Amino acid sequence: MSALVATFRRDLALMWGGGGGALAPLGFFLGATMLVPLAMGPERNLLAAAGPPLVWIAAALAVLATLERLFQADLEDGSLDHMLLSPEPLELIVLAKGAALWVAVGLPLALASAPAAIALQAPPELVPAIVLSLLLGMAAFIGIGLVGAAVTAGVKRGGVLIALIVLPFFAPPIIFGSAVAGGEHVGAALSVLAGFALAALALGPIAAAAALRLQAE
Amino acid sequence: MLTYLANPARFMAFSAWAAPIFLVAALALLAIGAPWGLFYSPADYQQGETVRIMYLHVPTAWWSMGIYAFMGAASFVGLVWRHALADVAARAAAPIGATFAAVCLITGSLWGAPTWGTWWEWDGRLTSMLALFVIYLGYIALWSAIEDEEKAARLAAILCLVGLVNLPIIKFSVDWWSTLHQPASIMRAGGSSIDPSMMGPLFAMAGGFLCLFAALLMMNMRAAVFRRRVEAARLRGADA
């Protein structure tokens, strides 16, 4: 158990320490959100109709940008070998790393989505649901992203490759997440999102751990 | 090295004559199906002549999904039993599947323009086919990004299996999201709703494309095996 807690705390420290690594995705998120009205025009009605779901696109891209180094750093400095030697199953260690990523990056992004959605003219009463949907959505993105990060860990400059691999799998959370942001079937969409997040967190670490065992060979 | 080639040797002996046979069968079926569908089958009472695009669109749609399922099976075999030829098969199938998906998307778009009045509609089936196409591209890109072939094979197999689990979910979610495309009309409860006069050319084309896949797959696999043999020979030469 302590190995899992240690991994979680180490990853959290690495992401929050070292020059505010976890703040960069947040800045990316706000920058991308800022571009939306610039592209669509600042007209209130148009923004209110189409803007809020775009928070989801910005959040998906922001979390995508953090995946490239997730396992690559561990592979390069030998931490991965230690994880393989640990008595804890690699799947749980991967899940602990995913949990650290969720706390360091997912949680701030979900909270930042509140002002971002309001700025994009989302109705204020919908904002708690949007934040909740992104809390779930970040878990889903990270569950899928673990697999993409693990299979590309050995590839130099694999950022675009990760995006190509992972983006089609982001379709289900985006669909149900933007349904929440658009105010349609909010309760049902949140339930499906929660189900997808649980499935991604259950299956993603298994596939990611299988890939990491190969990477370390 | 010899034990490694033991199974491929049998495959090479088989495919040496099977690949041309399948190629001839494919060309024969397509030579029958294409004129039958394009000239001698009836036009649709609503869609008119544009219905003929179906004879290209529907078979490529079926097999682009079928090929992914084949790749999933091959990846599973490669991952579990470490069967080198299964890895080769999965890799060889991917560009063919991606091409079929692309043909399906392009013909669907050409058909949509006069029939639906739009080149592209963000409809459930179109979107999930596009997602399948992107997944194919990601799979191919992963293979070519990793230099160590054996490692690339395993990692691509994991990705392929993850895709296999996810494809139904993506399909279900985009179907829920928006649907304009007509539902399945051939494989459905209560029998087919398509006119029997259109079934003949459709199945001829579908059979033709299946044989084409088999022939291209074997040719791709043979090329991969030959390439490995050349590399092995080069390494032996370097040792001597």
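**Exercise 1. The interface between the chains**

Task: Work out how much area chain A and chain B bury between them, and on which atoms.

Solution. Start with the size of the interface in this predicted model: chain A and chain B bury about 2100 Å² between them, and 86% of that area lies on carbon and sulfur atoms. Turning to chain A, the residues that lose the most area to chain B are Phe169(A), Ile175(A) and Leu214(A), which together account for 28% of what that side buries. As a next step, count the residues that take part: the contact draws 23 residues from chain A and 26 residues from chain B.

**Exercise 2. Charge and polarity across the interface**

Task: Determine how many salt bridges and how many residue pairs in polar contact are found between chain A and chain B.

Solution. The count of salt bridges between chain A and chain B is zero, while one residue pair in polar contact is found across the interface, with both residues at pLDDT 80 or more. Next, ask which helices of chain A are involved: helix 8 (127-151), helix 9 (159-166), helix 10 (171-181) and helix 11 (186-216) each supply at least two residues of the side of chain A that touches chain B. Among these, helix 11 of chain A gives the largest share of that side, namely seven residues. Finally, sort the residues on the side of chain A that touches chain B by type, which gives 19 nonpolar, three polar and one charged.

**Exercise 3. The largest nonpolar core**

Task: Identify the residues that touch the most other members of the largest nonpolar core, and find the helix that gives the largest share of this core.

Solution. The largest nonpolar core holds 137 residues, and those touching the most other members are Phe29(A), Phe71(A), Phe170(A), Met71(B) and Leu142(B). The largest share of this core, 14 residues, comes from helix 8 of chain A. To look at one of these members in detail, take Phe170(A), which touches Ala60(A), Val63(A), Leu64(A), Phe141(A) and Ile144(A) when residues up to four places away in sequence are not counted.

**Exercise 4. A charged residue in helix 1**

Task: Locate Asp11(A), decide whether Asp11(A) is buried or exposed, and describe what surrounds this residue.

Solution. First, place the residue: Asp11(A) lies in helix 1 (residues 2-20) of chain A. Second, consider its accessibility: because its relative accessible area is 4%, which is under the 20% limit, Asp11(A) counts as buried. Third, look for a partner: the side chains of Asp11(A) and Arg10(A) meet in a salt bridge, with N to O at 3.0 Å. Arg10(A), at 29% relative accessibility, counts as partly exposed. Fourth, list the contacts: leaving out residues up to four places away in sequence, Asp11(A) touches Lys97(A) and Ala100(A). Last, widen the view, and a network of salt bridges appears that links Arg10(A), Asp11(A), Asp74(A) and Lys97(A).

**Exercise 5. Salt bridges of Glu76(A)**

Task: Trace the salt bridges that Glu76(A) forms with Arg69(A) and with Lys156(A), and explain what the pair with Lys156(A) ties together.

Solution. Begin with the general idea that side chains of opposite charge can pair when their charged atoms come close. The whole structure contains 11 salt bridges over all chains, and one of them joins the side chains of Glu76(A) and Arg69(A) at 3.3 Å, N to O. Both ends are partly exposed, since Glu76(A) has a relative accessible area of 46% and Arg69(A) is at 44% relative accessibility. Glu76(A) also forms a salt bridge with Lys156(A), where the closest N and O atoms are 3.3 Å apart. Lys156(A) sits in the loop between helix 8 and helix 9 of chain A, whereas Glu76(A) belongs to helix 5 (residues 68-77), so this pair ties together parts that are 80 residues apart in sequence. Lys156(A) itself is exposed, with a relative accessible area of 58%.

**Exercise 6. Positive phi values**

Task: For Gln121(A) and Arg82(B), state the phi value of each residue and the loop in which it lies.

Solution. Gln121(A) has a phi near 70 degrees, a positive value in a residue other than glycine, and its place is in the loop between helix 7 (90-119) and helix 8 of chain A. At 21% relative accessibility, Gln121(A) counts as partly exposed. In chain B, Arg82(B) has a positive phi of about 50 degrees although it is not a glycine, and Arg82(B) lies in the loop between helix 2 (54-81) and helix 3 (84-115) of that chain.

Conventions: Residues numbered from 1 in each chain as written. Chains lettered and ligands numbered in written order. Heavy atoms only, no water. Contact = heavy atoms within 4.5 Å. Buried area = accessible area lost by both parts, 1.4 Å probe. Salt bridge = Lys/Arg side-chain N within 4 Å of Asp/Glu carboxyl O. Polar contact = N/O pair within 3.5 Å; in protein donor to acceptor, adjacent residues only side chain to side chain. Helix = DSSP H or I, 4+ residues; strand = E, 2+ residues; numbered from the N terminus. Nonpolar A, V, L, I, M, F, W, Y, C, P; charged D, E, K, R; others polar. Core = buried A, V, L, I, M, F, W, Y, C linked by side-chain atoms within 4.5 Å. Buried < 20%, exposed > 50% of the residue type's maximum accessible area, 1.4 Å probe, protein only.
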